[in-house]
Amino acid sequence: MEYIIFLHFSLYFSCVLRVVNGDVTYNIPEEMKRGSLIGNIAKDLGLDIGKLTARNARIDPEENSTPHCGINLQTGELTVLERIDRESLCGKKTSCVLKQELVLENPLELHRVNIRVQDVNDNSPQFNEDLLKIEIHESAVKGARFSLDEAHDEDIGENAVQRYAIEQNDHFKLNVNTKGVGGKYCELVLDKELDREDKSEHVLQLTAFDGGSPQRSGTVVIHVSVLDANDNVPVFSQAVYKASLPENSPLDTVVLTVTAADADEGVNGEVIYGFDHVSDENQMFSLNPKTGEVNIVKILDYEKKSSYEIQISAKDGLGLASYASLLIEIIDVNDNAPVINLKSLSNPEMKRGSVIGNVAKDLGLQTGALTNRRPRIDTDGPEKRYCDVNLNNGELIVADRIDREGLCGEKASCILKQELVLENPLELHRVSLHIQDINDNAPQFKEKMVSLEIRESADRGARFVLEEAHDADVGQNAVQQYSLERNDHFILAVDRNKIELVLDKELDREKYKEINVLLTALDGGSPQRSGTVVIHVTVLDANDNAPVFSQEVYKASLPEDSPLDTLVVTVSAADADEGLNGDVTYDFGHVSDEVVKLFSINSKTGEIRTIGSVDYESTSSYEIRVKAKDGLGLSSYAKVIISVTDVNDNAPVINVKSLTTPIPEDTSPGTEVGIINVQDRDSEKNRQVRCSIQQNVPFKLVPSIKNYYSLVTTGQLDRELVSDYNITISATDEGSPPLSSSKTVQLSVADINDNPPVFEEQSYSAYVSENNKPGSTLCSVSARDPDWRQNGTVIYSLLPAEVNGASVSSYLSVNGDTGVIHAVRSFDYEQLRSFKVH
């Protein structure tokens, strides 16, 4: 009888999370170089440095943020991994704490690491504009005060703006005030009466200084035009406005309304509200310039920013202004489930086969064990797999072209999320590729030529809005500056993304009917790229009103299953001019090719409709710039935000990631025999999936990590009873109506030698005549074995014994294959009448 031994190992483990009170705090200045020492965290927490590698010690950031720190496993030192910029992390907060976690395994242990980032003086004061224009009536009395826009410094404390100075002049001096919530602003004070007949314009330079070392400064030119009197500034009802609202407040929620009154009459008493200075990350709110109503325009997130401090201004018709502060506190709601992130890598756009990093070393894996653990990069559903793992050396390599613009568009942060899956045992590691932009796109204007029609009576200083160039790159690689070729009539004014052609010398239609100038947009990449557009100016008679949209921002929601030609939203703009000058036509501004394929705008009615199928899983929102243009080319712009709502249009997809077949029939209950992954591309409730198998099989599904399940045995298997199983796995989402899918997994049961042969009879008798011939057949025995193949093959043999002092083999032989027993010799009745053998 042969024995085949199947060895099947199942690894069971338990995870004990120990809450450790050994938190540690470090104080460091911002902008430390990469690799700089923060402290020896192993010594500070009393950890065994020699065990750091074995325990796979690592620093993980909280809330899926950038990993700014790393740990040296040989020394236990905590070092700077990525640039730590206090202003980007905390803005104007006086306290800036970077929260990281030290994670150790075997057993799992967590320590919170708080890094207090101290400000250094790395930013200069800046004014919102290069030129401040003020109009002052010549009848203004000595001591009259005129508010000036304050300078802003991204630094805090002593490194922020501390004082102002104005160049020496005959008429003005400076008065510096402190705001109620901190910060300094200044007033231009008339020290000597003006005389318009003597001098109609005054040009002064204002300088703002911070208190850092070395000290930094910023300047602005003040241009004073001497006019006739507007002698009252708007006065806010409060110096500080305070409001609080939950982070899940819907868009367009009214936060509060600010009010200011101006004692003047007519245009001098008309108050216009605006944000004084708002950083890019604070542009979450809009301020109605007429009503003072503050609304939400972007989704708030308490976890990203818990409060906003915004300076607001109230200006009257001739530019006199006052200021107030708006403090908005964000209230947390329970909108975040716990997230475990294990690893994060970063690299720029690279060729196929390029090495991103050694994921085996980074995760502390043995390179020689990689083949058995079957590492692979998994993606969500049918998404491209951009990376592969080299099983020979553990390197993570580029498998497909990684195009930042194609993946993330104009988002400042581009993260490609992949998963590293290892088996035996199952492990998941999140691999986040931070895709850095390279300057591979040149600035582009929407059209090769911009046509403007300007009346010859236009005043010097008249401005004409130009459509900006767009660059698919981001940051410094995007458009940074514009230049206009030298000409006799026009100069260029650029304010952030607003470009205006400014008339610097009056036009004369009798001399020039047409003027062509070349506008160039340059990015900030290296090497620098540029794009150009020809501005063709036709000199006409005045069209002095641009179209005005009814809203600055239009918002609409659109289900992803909307049919073609669905009306999304209608934009409208009015032009105060008459006839051709008042005829408004609509068009898209600079939009992506995807938007052009999905939406159209009616040039006459402003209706925006679908011309393609939108897919929430591909893009969940669209931000479209629309243009209203009158008959002679004056234009204005508005923004349309289309939110695509998810419908349950994707059934769950079942993927068998690993399967052990055949399974030895002596496999213990609870043994993992397969790994199942279930994906649903929908969102929220539509992607929540229930997974099950039929009840009449000795298997079950056990939820594992994230969207993985383990297929495990629940009872003893017996190949002799059932040799094959067809297991149907069903997955159903929680959408309405729910969608389902199923997959059949075939498992075979492998035989083990668990059954002995069984003779058909308990004993056999044979009779032979004496003097028989040697080799004659005496009888035949038969036995059966229900096992499979060699385990069920019966081989016959005689047990060793003696008959009359001689070996039984000298009397009998048995055919090992057939069980036929033969006489080896002739028998003599007088010597041997009977005997038994086994």
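In this report, helices are DSSP runs of H or I with at least four residues, strands are DSSP runs of E with at least two, and both are numbered from the N terminus. The model described here is predicted. The sections below treat its cysteines, its salt bridges, its unusual backbone sites and its cavities.

## Cysteines

How many disulfides does the structure contain? The count comes to 1 disulfide. In general, a disulfide is a covalent bond between the sulfur atoms of two cysteines. The partners here are Cys90 and Cys96, whose sulfur atoms lie 2.1 Å apart. The torsion about their S-S bond is about 70°, and the disulfide of Cys90 and Cys96 is therefore right-handed. Cys90 and Cys96 are both buried. By contrast, Cys387 takes part in no disulfide, and the nearest cysteine sulfur, which belongs to Cys414, is 12 Å away. Cys387 has a relative accessibility of 0% and so counts as buried. Cys186 also has a relative accessible area of 0% and is buried.

## Salt bridges

The whole structure holds 19 salt bridges. Several of them connect parts of the chain that are distant in sequence, as the following pairs show.

One of the salt bridges joins the side chains of Glu427 and Arg373, with a distance of 3.1 Å from N to O. Glu427 belongs to strand β31 (residues 427-436) and Arg373 to helix α4 (residues 370-373), and this pair links distant parts of the chain, 54 residues apart.

A further salt bridge brings together the side chains of Glu423 and Arg376, at 2.9 Å from N to O. Glu423 sits in the loop between β30 (415-422) and β31, whereas Arg376 is in strand β27 (residues 376-378), and the pair links distant parts of the chain that are 47 residues apart. Both Glu423 and Arg376 are buried.

Lys446 and Asp587 form another salt bridge, in which the closest N and O atoms are 3.8 Å apart. Because Lys446 lies in the loop between β31 and β32 (449-455) and Asp587 lies in strand β43 (residues 585-588), the pair ties together parts that are 141 residues apart in sequence. Beyond such pairs, salt bridges that share partners join Glu31, Arg83 and Asp85 into one network.

The table gives the accessibility of several residues that take part in these salt bridges.

| Residue | Relative accessible area | Class |
|---|---|---|
| Glu427 | 25% | Glu427: partly exposed |
| Arg373 | 14% | Arg373: buried |
| Lys446 | 37% | Lys446: partly exposed |
| Asp587 | 34% | Asp587: partly exposed |
| Glu31 | 28% | Glu31: partly exposed |

What separates the classes is a cut-off: buried means under 20% relative accessible area. Arg373, at 14%, is therefore buried, while its partner Glu427, at 25%, is partly exposed.

## Unusual backbone sites

Most residues other than glycine have a negative phi, and most peptide bonds are trans. Where, then, does the chain contain a cis peptide bond? One such bond joins Thr661 and Pro662, with omega of about 0°. Pro662 is placed in the loop between β48 (653-659) and β49 (663-664). Another cis peptide bond joins Ser736 and Pro737, with omega of about -5°. Pro737 occurs in the loop between β54 (724-733) and β55 (740-750).

Positive phi values are also found at residues that are not glycine. Glu31 is one of them, with a phi of about 65°. Glu31 is part of the loop between β2 (24-29) and β3 (37-40). Asp565, which is not a glycine either, has a positive phi of about 75°. The loop between β40 (553-559) and β41 (567-570) contains Asp565.

## Cavities

The structure has 2 cavities of 30 Å³ or more. Within the largest cavity there is about 200 Å³ of space. Which residues lie nearest the centre of the largest cavity? Among its 16 lining residues, they are Glu447, Val450, Glu467, Lys627 and Tyr637. Two or more residues of this lining come from each of β32, β33 (463-466), β46 (621-629) and β47 (635-645). The most is given by β32, with 3 residues. By character, the lining of the largest cavity divides into 7 nonpolar, 3 polar and 6 charged residues.

Methods:
Residues numbered from 1 in each chain as written. Predicted model: local features only at pLDDT ≥ 70, side-chain atom pairs only at ≥ 80, totals over all residues. Heavy atoms only, no water. Disulfide = S-S within 2.5 Å. Buried < 20%, exposed > 50% of the residue type's maximum accessible area, 1.4 Å probe, protein only. Salt bridge = Lys/Arg side-chain N within 4 Å of Asp/Glu carboxyl O. 1 Å grid on protein atoms, 1.4 Å probe; cavity = no way out; pocket = protein on both sides within 12 Å on 5 of 7 lines; lining within 4 Å. Points joined across faces, edges and corners; volume = space filled by probe spheres on them. Nonpolar A, V, L, I, M, F, W, Y, C, P; charged D, E, K, R; others polar.
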